[in-house]
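User: Please take a close look at one part of this model, the strand pairing and what packs around it. I would like one connected account.

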Amino acid sequence: MLNVTRRSTLLFTSVLLSLLAGCAGGPRMQEAIAPSQSPAQALSIERAMILANARQALGTPYRYGGASVDGVDCSGLVQMTYGAAGIAVPRTANQQFSRLPGREQARPGDLLFFGSGSTATHVGIYLGQRQMIHAPGEGRGVTLTSLDLDYWRNRFLGAAGPAP
């Protein structure tokens, strides 16, 4: 009888944990990041320009509300790099998140959004290889960051891809 009760308890616990994991909400970053592309899957000229401009911005100082080489915030970096490729985007991270076309899987040049609930408070540009370029905040310049950090996985809201 004890074995049956123990098995039932283990089964109940396993089912409960599975259900709770499914209720965690939000997209899972592992599923939203596209696998590395093969050379046959070339980037559009716009995406290549976005990525080149984002790389050139590395080290640019953070400046709240900034969108120029003198200083950028996260959404200003996006606005500056996309603008250089001829693509207009809204100004703030949350406007970009709510107004730009979402992507099931991010490709290099797409935007990755982070925050809580349904409000984006941060945005980065996906480089591929599970890395993004972003303007992290006061006192830090534009930098390259791994998406394998729990910090980003726990705050991931989704991806958008306004570039062809």
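Analyst: In this predicted model, strand 5 (residues 119-128) and strand 6 (residues 131-134) run antiparallel and are joined by 3 bridges. One bridge pairs G128 with Q131 of strand 6. The two strands form a hairpin with 2 residues between them, and Q129 in the turn has a positive phi of about 55°. Strand 6 also pairs with strand 7 (residues 143-146), again in the antiparallel sense, over 4 bridges. There Q131 stands opposite S146.

Strand 5 also supplies at least two residues to the largest nonpolar core, as do helix 3 (45-56), helix 4 (74-84), strand 4 (111-116) and strand 8 (156-160). That core has 26 residues, of which Y82, L111 and I125 touch the most other members. The contacts of L111 include V78, Y82, L100, V123, I125 and A159. A separate, second core of 12 residues includes A106, L147, W152 and F156. In soluble globular proteins, nonpolar side chains tend to be buried together.

Strand 5 and strand 6 are also among the elements that cover the buried residues of helix 3, as are helix 4 and strand 3 (102-103). In helix 3, the buried residues are R47, I50, L51 and A54. They lie on the same side of helix 3 because they cover an arc of only 95° around the axis. The face turned away from that buried side carries the exposed residues I45 and Q56. As for length, the 12 residues of helix 3 should span 16 Å at 1.5 Å a residue, and the end C-alpha atoms are 16 Å apart, so the two values agree.

Terms used
Residues numbered from 1 in each chain as written. Predicted model: local features only at pLDDT ≥ 70, side-chain atom pairs only at ≥ 80, totals over all residues. Heavy atoms only, no water. Pairing = 2+ DSSP bridges. Core = buried A, V, L, I, M, F, W, Y, C linked by side-chain atoms within 4.5 Å. Buried < 20%, exposed > 50% of the residue type's maximum accessible area, 1.4 Å probe, protein only. Contact = heavy atoms within 4.5 Å. Expected span 1.5 Å × (residues − 1). Arc of directions from axis to C-beta. Lists of a residue's contacts leave out its neighbours within four places in sequence.
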